[in-house]
Amino acid sequence: MKIRSQVMNHLVSIIAKYNQEVDLSRGLIYTRCGDAVSDEELAGMAFELIATGQETLASALSSIILYVGSNRDVLNGLREETKYLQIDDQTRKLSIDDLISSTYVHDVVRETLRLCPPSGGGFRKTTKTIEIGGYQIPKGWNVMFGIRETHLTSPIFTNPNHFDPSRWNSKTMAGNDQHYHYLPFGEGSHVCAGKETVKIILETFLIELVNGCDWVLLNENTQIKYTPSAFAIDRLPIIVEKCISA
Ligand code: HEM
């Protein structure tokens, strides 16, 4: 709570500074009732984005370091696909088109979020009585869906505990409807608001990482704890052996 109020105060002061140049509260942002949003409410929204995004993103980034670091063939595949991007050339900037054409990078990120989804699940309230797998769930009950459990038990993923980015490229996967089988960002009307930004961040990070660094995991068999977010218990110690300044 103390940290929350410190961050909130900081956000309110940033917003106040911007308000001197552009009136944010009277500019773009209104509530559904048509009232202007106050600086405190605006700070609350910004705080929600920081709070929901910070830990999940950190979790995904460290899982990438773990899985790519322990799968040499995947690392080589990533380097092969992205070497033309010449990230050590400081005059060249990564574009969205570069990310779109880097399909293996995309698959590695997808597979990381499948095997080690940062967020354990989501919550919903039933609006009517439903039946799932022979069990009746009454109207008004709170229900939780497990993301990792879904990824590990879904019939569309063969050998589900194995880190295999190539599964996303296979002919079998192409025919499968992945809806409700693959949901690292949740699903439906409350799907993660940061989803598309996160994909760009993770793919950019991965390209920079594999082309800028060599790293060694000090414990390849590290244990992961999954709640509240997925993290290596030993905090994933690594040695960075080479770093190209990009
Ligand atoms: C790897 C990173 C992330 C993962 C895996 C992730 C995952 C999730 C999940 C599972 C939910 C619940 C969805 C549901 O109930 O159906 C969620 C909600 C949300 N996420 Fe993320 N998230 C990530 C990063 C971010 C970032 C960076 C932001 C903000 C910039 C963000 C903003 C939100 C917000 C605002 C919600 C609530 C959406 C709502 O209830 O309508 N997330 N996220």
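The following paragraphs lead through a predicted model, from the chain as a whole to its helix contacts, its ligand shell, a strand pair and some backbone details.

The protein chain holds nine helices and eight strands, and its C-alpha trace spans about 60 × 55 × 35 Å along the principal axes. Of the 246 residues in the protein chain, buried ones make up 19%. Among the contacts with a separation of 6 or more, 66% are accounted for by residues that stand 24 or more positions apart.

A good place to enter the fold is the pair formed by helix 3 (residues 39-69) and helix 9 (residues 195-212), which pack at an angle of about 35 degrees with their axes 11 Å apart. The crossing of helix 3 and helix 9 is right-handed. Helix 3 makes the contact through Leu57, Ala60, Leu61, Ile64 and Val68, while helix 9 brings Val198, Ile201, Leu202, Phe205, Leu206 and Val210. By class, this contact of helix 3 with helix 9 has eleven nonpolar residues, with no polar and no charged ones. Ile201, which lies in helix 9, is partly exposed because 16 other C-beta atoms lie within 10 Å, a count that falls between the 12 or fewer of an exposed residue and the 20 or more of a buried one. The C-alpha atom of Ile201 is separated by 21 Å from that of Ser70, and the two residues are 131 residues apart along the chain.

Helix 3 and helix 9 also return around the ligand. The shell there consists of 22 residues, the closest of which are Gly53, Gly122, Gly186, Cys192 and Gly194, and the elements that give two or more residues to it are helix 3 and helix 9. Helix 3 supplies the largest share of this shell, with seven residues. By class, the shell around the ligand has ten nonpolar, ten polar and two charged residues.

A second helix pair is formed by helix 4 (residues 72-82) and helix 6 (residues 103-115), whose axes lie 8 Å apart and which pack at an angle of about 145 degrees. Here Val74, Gly77, Leu78, Glu81 and Thr82 in helix 4 meet Tyr104, Val105 and Val108 in helix 6. The classes in the contact of helix 4 with helix 6 are five nonpolar, two polar and one charged.

Turning to the strands, strand 5 (residues 213-217) and strand 8 pair in the antiparallel sense over five bridges, and within strand 8 it is Lys242 that stands opposite Asp214. Strand 8 (residues 238-243) is hardly covered, since the count of buried residues among its six residues is zero.

Some backbone details remain, and they lie in loops. The peptide bond from Thr227 to Pro228 is cis, with omega near -5 degrees, and Pro228 lies in the loop between strand 6 (224-225) and strand 7 (231-232). Leu236, in the loop between strand 7 and strand 8, has a positive phi near 50 degrees, although it is a residue other than glycine. Leu236 counts as partly exposed because it has 17 C-beta neighbours inside 10 Å. Gln86, in the loop between helix 4 and helix 5 (96-101), likewise has a positive phi, of about 45 degrees, although it is not a glycine. Gln86 is exposed, because 12 other C-beta atoms lie within 10 Å and a count of 12 or fewer is what defines an exposed residue.

Conventions. Residues are numbered from 1 along each chain as its sequence is written. This is a predicted model: local features need pLDDT of at least 70, side-chain atom pairs count only at pLDDT 80 or more; totals for chains, interfaces and linings use all residues. Axes are lines fitted to C-alpha atoms, for helices over the stretch in contact, and angles run from 0 to 180 degrees between N-to-C directions. Helices (H or I, at least four residues) and strands (E, at least two) are DSSP runs, numbered from the N terminus. A crossing is left-handed if the near helix is turned anticlockwise from the far one by less than a right angle, and right-handed if clockwise. Two residues are in contact if their C-beta atoms, placed from the backbone, lie within 7 Å. Ala, Val, Leu, Ile, Met, Phe, Trp, Tyr, Cys and Pro count as nonpolar, Asp, Glu, Lys and Arg as charged, and the others, Gly among them, as polar. A residue is near a molecule or strand if its C-beta atom, placed from the backbone, lies within 6 Å of it. Two strands pair if DSSP finds at least two bridges between them.
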